[in-house]
Amino acid sequence: GQYINDELGYDVDTFESADELLQKIKESVTYDLMIVDLGLEDGHGFDIIDHQNSRKDSTPIIIYTSYTEPGTIKHCMTFSIVKGVVSKASSEKDLLEAVRSVLAGTNFFCRRTNQILNSKRKTIWDLDNVKEELTKREREILNYIWDNKDSQTIADELNLSKLTVESHRRNIKSKLGESSLLGTLRKALDLGYINTLNPYND
């Protein structure tokens, strides 16, 4: 934030968490532009994008992220308010250029992002370490997990036993080739299994 202020002379508010920014927005504070990190401390950056999208806010957003998975980047582009994507591996000059471009009404994607968007991958099965496709029930449970629901809550919502839900969770991890919950969610997002706009609509 200070770098943008120093280089471009813009007033910049910086937030360490999604909750801090969302609270500021609820106080009717408006911004000309938002730069959103997808990996904030207490909530995924998509929470901010979802919130802005749902309230029909037209404030343009630049995604500034270390995520490089094609599915994640391409998912960002499904939101009309996302006007730019800059990889953290890019130079600071790229971020400055993104700010200038988006405020001028032009979309901006750094070179790394363009490489991802122009990827020759045709299907999600071109990704590594995917053993087999998830079933409809596994996809459904996965989206509940993304929404931070625990096994008992998922079981109650779907009229299943807790043991059945936990079995599905193990199968999901195994099929996606991941051992941790975070790794599973990131891979699932990349593969397009998670719908952040409407997670329970398969």
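A residue is called buried when its relative accessible area is under 20%. The views below show a predicted model.

**View 1. Helix 7, covering residues 136-146, and the residue that follows.** Among the eleven residues of helix 7, eight are buried, so the helix is largely enclosed by the rest of the structure. These buried residues are Glu138, Arg139, Ile141, Leu142, Asn143, Tyr144, Ile145 and Trp146. An α-helix has 3.6 residues a turn, so residues three or four places apart point the same way. Just after helix 7, Asn148 adopts a positive phi of about 65 degrees.

**View 2. Strand 5 and its pairing with strand 4.** Strand 5 is mostly covered, with five of its six residues buried. Strand 4, made up of residues 61-65, runs parallel to strand 5, and five bridges join the two. Within this pairing, Ile62 has Gly84 of strand 5 as its bridge partner.

**View 3. Strand 5, strand 6 and the crossover between them.** Strand 6, residues 108-109, pairs with strand 5 in the parallel sense over two bridges. Phe109 in strand 6 stands opposite Val85. From strand 5 the chain passes through helix 5 to reach strand 6, and this β-α-β crossover is left-handed.

**View 4. Ser91 in the loop ahead of helix 5.** Ser91 lies in the loop that links strand 5 (82-87) and helix 5 (92-103). The relative accessible area of Ser91 is 40%, and this residue is therefore partly exposed. Ser91 and Cys110 are separated by 19 residues in sequence, while their C-alpha atoms are 9.3 Å apart in space.

Conventions. Residues numbered from 1 in each chain as written. Predicted model: local features only at pLDDT ≥ 70, side-chain atom pairs only at ≥ 80, totals over all residues. Heavy atoms only, no water. Helix = DSSP H or I, 4+ residues; strand = E, 2+ residues; numbered from the N terminus. Buried < 20%, exposed > 50% of the residue type's maximum accessible area, 1.4 Å probe, protein only. Pairing = 2+ DSSP bridges. Right-handed = clockwise from strand over helix to strand, strands pointing away.
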